[in-house]
Structures are given as structure tokens and as C-alpha cells.
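Trainee: I have a new model to learn from. Could we go through it by question and answer?

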Amino acid sequence: MLSKWNLANNNIGLLWRMTGLNIILITLLISMSSIVIYNTACTLLEEMTNADESMQVLFSDTLLSYLIWISLSIIFFGSLIYFSIMKKIVKPIKRLARSTKVLQNGDYPSPIEVNSQDEIGVLTQNFNQLTYILKKNEHTRNKMITDMAHELRTPLSNINGYLEGLKNGIISGDAALYESLHKESERLILMINQLYELNEWNIGGKSKTYEKKCTRVEKLLHDCIQLFKLELDKKNIDFEILTEQSIIFIDEKGIRQAVINLVQNAIQYYQGEGKITLRGEIVENEIIIAVTGPGQPIPIDKRDLIFERFYRIDGSRNDKTGGVGLGLAIVKEIIGTTFNGNVGIESENNIHTFWFSIPRKYTEC
Ligand SMILES: Nc1ncnc2c1ncn2[C@@H]1O[C@H](COP(=O)(O)OP(=O)(O)OP(=O)(O)O)[C@@H](O)[C@H]1O
Ligand SMILES: [Mg+2]
């Protein structure tokens, strides 16, 4: 309450200080002009006319009272106009000060209405944007911690339960049990590695120094698919690469990781018939890379959600195909944060095309 009063008091202080300064300036200017006018008029009357002394006194008294009244009126109305203009200017500053105080206390103020496009309007807009980003980041961080705790709990509880059973002699260990425990621990390691990667692109994304170099898109896509050659052969899946002979200037590591995650999904969730196609093309001002293939159904309302951290479609929450749910979130992070690009999915008859695009201006070789 006290701080609120102080804040208001300080702002009123600023308004009154500015108005007081203005009154002093107007008074000084008007007084100086009045003295000059008064003296000039009296001298002129004395030198140029034959008016007697009583006429001169009457003239100078009348002139003086006019000058005093006119000066006082100018000072009064001038200050009144100045005060109301200043009040308007100070009002948004006052609101900004109140909102920053709220922010300082750990809360998020509601957005401040922006009524002008001048410097204060821009400052207010920037402040609103800053508050929005801070709020969003905190929400993401909290969600991430909750999701992580939730995801880590299940495999850890499983491992813990089995180890307790083994320790107490309630169950006896065999190859199948050890393999299942090993699988759970591998899943945990995978999750930690993915989280580390996500964090690296997320936090380091903006400050990272990239190792950009001229890269042939065709070679990059070939290299990526090569990593999955064994798996593709094993599952008897055909693939093709369709790309122009383009060379881009890019941080290869990030793009490679994004393509790998998409190809991995295309193989992991492969369902039906048909080949997996990798496309690399330049459309207008963007480079578009897309991975297309037949896959498990993805309901329309889940198409945005699968790019969120830890989100998996229920059907893929089984041992055979279930991943951690971070692969697409990593793609989104790499492409969005690092390359200022976009990611998306198009789907028809369960043939899914996962794509990402990067503005060409960052990739001119
Ligand atoms: N090509 C695809 N076909 C069908 N469904 C897919 C495809 N790619 C992703 N999905 C769905 O989107 C979900 C999220 O994918 P994402 O790659 O983010 O996580 P994940 O594959 O489950 O785990 P990981 O972190 O190991 O990649 C998957 O669980 C799956 O349900
Ligand atoms: Mg995946």
C-alpha cells in the first residue's frame, strides 16, 4: 500500500515538477517581454508626442495593468494547457511503472493498452511483448519439469520395483527380466540425451556460433538416409530422394539432425505400402525439405500437438514403436530457433509429409 502511494506520489511529482518548470519559464519570458513593451511604449510616448505628465502617467498605468492582466492570463491558461498535455503523456508512463512493479514482485501484469505509435507507445508495446515472452517461457519451463517428472517416474518405478523384488527374493532374475530392465534403462538414457539435445538447441540456439558451410542438399539427404539403410532393408522399405542440384550455406549439424529425426519417424511409424521419399527443393525464398511416407494414422486435431514435447499419439505408446516424444519437438526447436524457419505436416490417406522450411536469405552460398 505504502509503495503504491509512493509510486503515485512520484509520478504526480514528475507532473508537477514539469508544470512548475513550465510556469517559471513562461513567467520569465512574459515578464521580460512585458518590461520591454512597457519601457518602449513609455519612451515612444515621451519622445514622439507632446502629451503632458498626467496623460503620460495615465497611459503608463493603463499599459501596466493591461500587461499584468494579459501576462497573468497567459501564464494561467498556458500552464493549464501544458498541465493537461503533460498529464496525458505521464499517464502511460505511470501505468508502465505500476506494471514493472508487478513484474518485480514476481507476477505478470495484464497487457497495457497502447493508444499511440510514438516512443511511449512503442515502449509500451515492447513491455507487453516482454511480459508475454516471460510468461510463456515460465509456462514452458514448468510444463517441461512436470512432463519430465511424469516421464521419468514410470521407467524408474519399474526398475525400482523389480530390483526390490529381486532383493527380497520375491522374484528370481532371468534373461528376459534383465533384458526388460536393460530396455527401461536404455529408454531413460535416450530420454536424457534427447532432453540434453533439446536444451542445447533451445538455450544455445540464439547464442550458438554456427559452423556454416556450403552444403549440397542432395548429398546431405543421401548421407541421412544412409544411416537407416540397414533398417530400411530389414523392413523391406523402398526410398527415393528427389532434389535439385542446389547448394546451401548452412550449419549442417542442425539440418542433419532434423532430417534424421523425420526419417527415423517415417520408418518407426511406417504402416501400409509405398516408399519413403525425401524431397529438397527451393520454392520462392525458401528451402523446403520434406519426408513423405505411409504411416500410422494421425488424427487432424493431433497434428499440431505431435510437435509438442513428450506428446505421442496413444497408439505409439507401446513397447514396439514407442519413443520418448521429443523427436519432433527437437526438429521444431532447431528449425524455429536456429534457422528462423517453419515446420509442419500434411497428410492424405495416411500418407504423411513432414516438412520444414528455411528462409533463403540465411542460406545463400
Ligand atoms: N511419420 C509418422 N507417421 C505417423 N506418426 C508419426 C510420424 N512421426 C511422428 N508421429 C507421431 O508423432 C508422435 C511424436 O513424434 P516424436 O518424434 O516427437 O516422438 P517419438 O517418435 O514418440 O519419440 P522420439 O523422441 O524417440 O522421437 C509419435 O509418437 C507418433 O505418434
Ligand atoms: Mg520420433
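Trainee: Is Gly254 buried or exposed?
Mentor: Start with the cut-offs. Buried means under 20% relative accessible area, exposed means over 50%, and partly exposed is in between, with a 1.4 Å probe and protein chains only. Gly254 has 0% relative accessibility, so Gly254 counts as buried.

Trainee: What kind of model is this, and how are residues numbered?
Mentor: Residues are numbered from 1 along each chain as its sequence is written, while chains are lettered from A and ligands numbered from 1 in the order in which they are written. Side-chain values use heavy atoms, without hydrogens and water, and local features need pLDDT of at least 70, side-chain atom pairs count only at pLDDT 80 or more, and totals for chains, interfaces and linings use all residues, since the model is predicted.

Trainee: Which helix holds Gly254?
Mentor: Helices are DSSP runs of H or I with at least four residues, strands are runs of E with at least two, and both are numbered from the N terminus. By that scheme, Gly254 is found in helix H7.

Trainee: Which residues is Gly254 in contact with, leaving aside its neighbours within four places in sequence?
Mentor: Contact means heavy atoms within 4.5 Å. Sequence distance can mislead here: Gly254 and Ile330 are 76 residues apart in sequence, and 9.8 Å apart in space, C-alpha to C-alpha. With those neighbours left aside, the contacts of Gly254 are Trp201, Ile334 and Phe339.

Trainee: At about what angle does helix H7 run to E7?
Mentor: Axes are lines fitted to C-alpha atoms, for helices over the stretch in contact, and angles run from 0 to 180 degrees between N-to-C directions. Helix H7 covers residues 252-268 and lies across strand E4 (276-283), E5 and E7. Helix H8 (residues 327-339) lies across E6 and E7, at about 20 degrees to E7. For H7, the angle to E7 is about 175 degrees.

Trainee: In what order do the 5 strands of the open sheet lie?
Mentor: Two strands pair if DSSP finds at least two bridges between them. Strands of a sheet pair through backbone hydrogen bonds, either parallel or antiparallel. In this sheet the pairing is mixed, and the order is E2-E4-E5-E7-E6.

Trainee: Which are the edge strands?
Mentor: Look for strands that pair on one side only. Those are strand E2 (239-243) and strand E6 (342-348).

Trainee: How many bridges join E2 to E4?
Mentor: These strands run parallel. One pair to find is Glu240, which stands opposite Thr277 in E4. The number of bridges from E2 to E4 is 5.

Trainee: How many bridges join strand E5 to strand E7?
Mentor: E5 spans residues 286-294 and E7 spans residues 351-359. They run antiparallel, and Ile287 stands opposite Ile358 in E7. The number of bridges is 9.

Trainee: What is the bridge partner of Arg279 in E5?
Mentor: E4 and E5 pair in the antiparallel sense over 7 bridges. Within E5, the partner of Arg279 is Ala290.

Trainee: Which residue takes a positive phi in the hairpin of E4 and E5?
Mentor: That hairpin has 2 residues between the strands. The residue is not a glycine, yet its phi is about 50 degrees. At 71% relative accessibility, it counts as exposed. The name is Glu284.

Trainee: Which residue in the turn between E6 and E7 has a positive phi?
Mentor: E6 and E7 pair in the antiparallel sense over 7 bridges. Their hairpin has 2 residues between the strands, and phi is about 50 degrees at Asn349.

Trainee: Is Asn340 buried, partly exposed or exposed?
Mentor: Asn340 lies in the loop between H8 and E6. At 46% relative accessibility, Asn340 counts as partly exposed.

Trainee: Why is the protein more spread out than a compact globule?
Mentor: There are 8 helices and 7 strands in the protein. The radius of gyration is taken over C-alpha atoms, and the globule rule is 2.2 Å times the number of residues to the power 0.38. For 365 residues the rule gives 21 Å, and the protein is well over that, so it is more spread out, with a radius of gyration of 37 Å.
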